[in-house]
Amino acid sequence: MIYRTCYLTIVAAISLSAAFAGILPAAAADNQLATFTHKQVRFIQPEHNGKPIELNTFCLDKSGNILACVGGDTVEYVAAEDGSFETKTISSPKLLQTYSPDGKLLHEVSLDFKPTAVNQAPNGTIFVAGSGRIANVSSEGKLLLVADSPHLGDLAEMKKKAEEAAKVQMDQLTGSLTAQIERLDTTLTKLKEKPAEELTDRDKLRLKTLQEQKQMYCDQEKEMQTMYSSYFSADAMLERVLEITSMAVTSKDVFLCCGSSEGHGYEVWRTNHELSSPKKVVDSLGGCCGQCDIQANEDHLILAENTKFQVGLLNRDGERVTSFGQQDRTSQDGFGSCCNPMNVRCCSNGDILTAESSIGYIKRFDSEGKFLGTVGKAKIGGGCKHVAIGFDEKRDHYYIQYEDRNQICVMVPLSEAPEFTEDELAAKQAREGLAQKLVGDGKTLSGAWSLTGEMPVAASGSQPGGIFGLITQVFGTDDSSEESAEVSEEEQLNLGMEQATLFKFSADGKLEMSGGYFEGGDNSWEAVRQDLPNNTVTFAQLQDGIQYYDYQVKFIDDNTATFSMMYGQQVMGSVKYKRVPLHKTSTIPSTSATTETAKDE
């Protein structure tokens, strides 16, 4: 099992288009479908030497070609057989690639830094940046100039501050455990100072118990330090300061958005095309989950202020001119999910495009911030993430990044789109095929599946936190639940966590879930694809219309199946589920209150 490390919620996504909106429950149906002008029909998969490569970001050049920043080191979590995790660094070439509009690789430029931002100047030259470096590349792909980012300053001093920040961060993470260990040490010291002949049986029992408790806390502290060491090492903290999240280029300026040299947040620096005369123009800029995007035209520096649900328009000196947008999940001109818009893009006529992570909307506003319409909804998966966008004015094609799968979604006008895309046809076949096994017939077979084939008893206790907390919450509950004891050790190790989850599928797309993070929400499900020879069907789980996970279900027989949680193309873990007999499915227990196991009728 592999987990990709990031501050983003770990998610996967596929959703049906307008063609199948009618089979969704009302909560999942999109109230903007009628306004869409474009539809996703395919994707472009960046590759190097015939193999997929990490896509960091992209933009379009003046000819409609795709400039893709790919490669560099990435950190992944690898689960061992005992359920513990260790980090693994995956290295790949650092490249600026150019693809034709139909996805053919035209050429690539090797770089000595991981590229995370790219843009093209009006004169056709390309600027690419990342890891504290900037390069100027000709439109033919020739490397012209490479320089340090203007925000670096004294690198030695930055390293020193990064080391101090890493220690502070780790101390904060482990502080409560350290304090408990120190309190136990104080109590143990007092007990050990008593003469042996004065120790009562209660003292001896207490001494043993406290020593065991201290060892448990020490082990937990060590595990936490190991788990978070890759995030909060001096090198990792320095890398975040060196990070360049986005860049914008006008006829005379280059703007870079990078991590703040002091504290948290982001700042924007301006330099000329010769990468000299740097000036910080924006300070203390907020950004959610490591995402902060900027663009620019000849009139304004444009900020995607995702924590404020607005677009900010500044002059070249960073002085605010105006802003537009508000948080609103229902109106067409509002921005939804937890933090949006995540990315922006400028059009030649002054219009501004916005992209919303989790939801996948691309919207168009004029230069004054007036809402002009929703272009479409791309399949990009749930969670806060980078959703770079591009617009090919000549072809009237839109592009948006699907970060989880390292793909670029291509959206074309409805008049060009087929009635049904390949994904839509695959989903229809799955829904009419193997997905029927999930739902049951409502007469002899139910649509409820649990670990034990019984309705689960509500669990008590808190859910684990940290990087893997959400994953544990989706599948897992406290180990005091009755059913967790009935799951084999082999099944437990498949995910490295205890299981106490029930799925109940309805034919109208409704999904009830018992236990875990998504319990009690407005959940639904959609068939994605099936593999008849392997008796396997994949379904997508959505909450409030936003998809969070894919599950791959392999039927062992009509009443037993292995559910595998997916992240992108990776299997995160697999656990066996059993169909709950129809007469036992009248209620779905809630973990928020004490409930009893459903009784036989």
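Strands β19 and β20 form a hairpin, with four residues between them. The two strands run antiparallel and are joined by four bridges. This is a predicted model, so it helps to read the hairpin alongside the confidence values further down. The chain around the hairpin has seven helices and 37 strands.

**The β19–β20 hairpin**

- Strand β19 covers residues 293–296, and its side chains split between two directions: Asp293 and Gln295 point one way, while Ile294 and Ala296 point the other way.
- Despite pointing in opposite directions, Asp293, Ile294, Gln295 and Ala296 are all buried.
- Across the pairing, Ala296 of β19 stands opposite Leu301 in β20.
- Strand β20 spans residues 301–305, and the loop between β20 and β21 (310–314) is where Phe309 is found.

**Backbone points worth a look**

- Phe309 is not a glycine, yet its phi is positive, at about 55°.
- Phe309 has a relative accessible area of 7%, so it counts as buried.
- Ser284, another residue other than glycine, has a positive phi near 55°.
- Ser284 sits in strand β18, which runs over residues 279–285.
- With 63% relative accessibility, Ser284 counts as exposed, whereas Phe309 is buried.
- Asn340 and Pro341 are joined by a cis peptide bond, with omega at about 0°.
- Pro341 belongs to the loop between β22 (320–324) and β23 (343–346).

**Asp550 and its polar partners**

- Asp550 lies in strand β35, made up of residues 546–557.
- Asp550 is buried, because its relative accessible area is 2%.
- The side chain of Asp550 makes a polar contact of 3.2 Å with the side chain of Arg405.
- A second polar contact, of 2.5 Å, links the side chains of Asp550 and Gln547.

**Cysteines**

- How many disulfides does the structure hold? The number is zero.
- A disulfide is a covalent bond between the sulfur atoms of two cysteines.
- For Cys347, the closest cysteine sulfur is that of Cys346, and the separation of 7.6 Å is too far for a bond; the cut-off for a disulfide is 2.5 Å.
- Cys347 has 8% relative accessibility and therefore counts as buried.
- Cys384 is buried as well, because its relative accessibility is 6%.

**Confidence in the model**

- The chain has a mean pLDDT of 81, and 76% of its residues reach 70 or more.
- Residues 1–34 have pLDDT under 50 throughout, and the model gives this stretch 121 contacts beyond four places in sequence.
- Residues 459–500 also have pLDDT below 50, and this stretch has 104 contacts in the model beyond near neighbours in sequence.

**The chain as a whole**

- The chain contains 601 residues, and buried residues make up 54% of them.
- Counting contacts between residues at least 6 apart in sequence, 55% join residues at least 24 apart.
- About 26500 Å² of the chain is exposed, and carbon and sulfur atoms supply 48% of that area.

Terms used: Residues numbered from 1 in each chain as written. Predicted model: local features only at pLDDT ≥ 70, side-chain atom pairs only at ≥ 80, totals over all residues. Heavy atoms only, no water. Buried < 20%, exposed > 50% of the residue type's maximum accessible area, 1.4 Å probe, protein only. Polar contact = N/O pair within 3.5 Å; in protein donor to acceptor, adjacent residues only side chain to side chain. pLDDT = per-residue confidence, 0-100. Contact = heavy atoms within 4.5 Å. Areas by Shrake-Rupley, 256 points an atom, 1.4 Å probe, with all protein chains shown as cover. Pairing = 2+ DSSP bridges.
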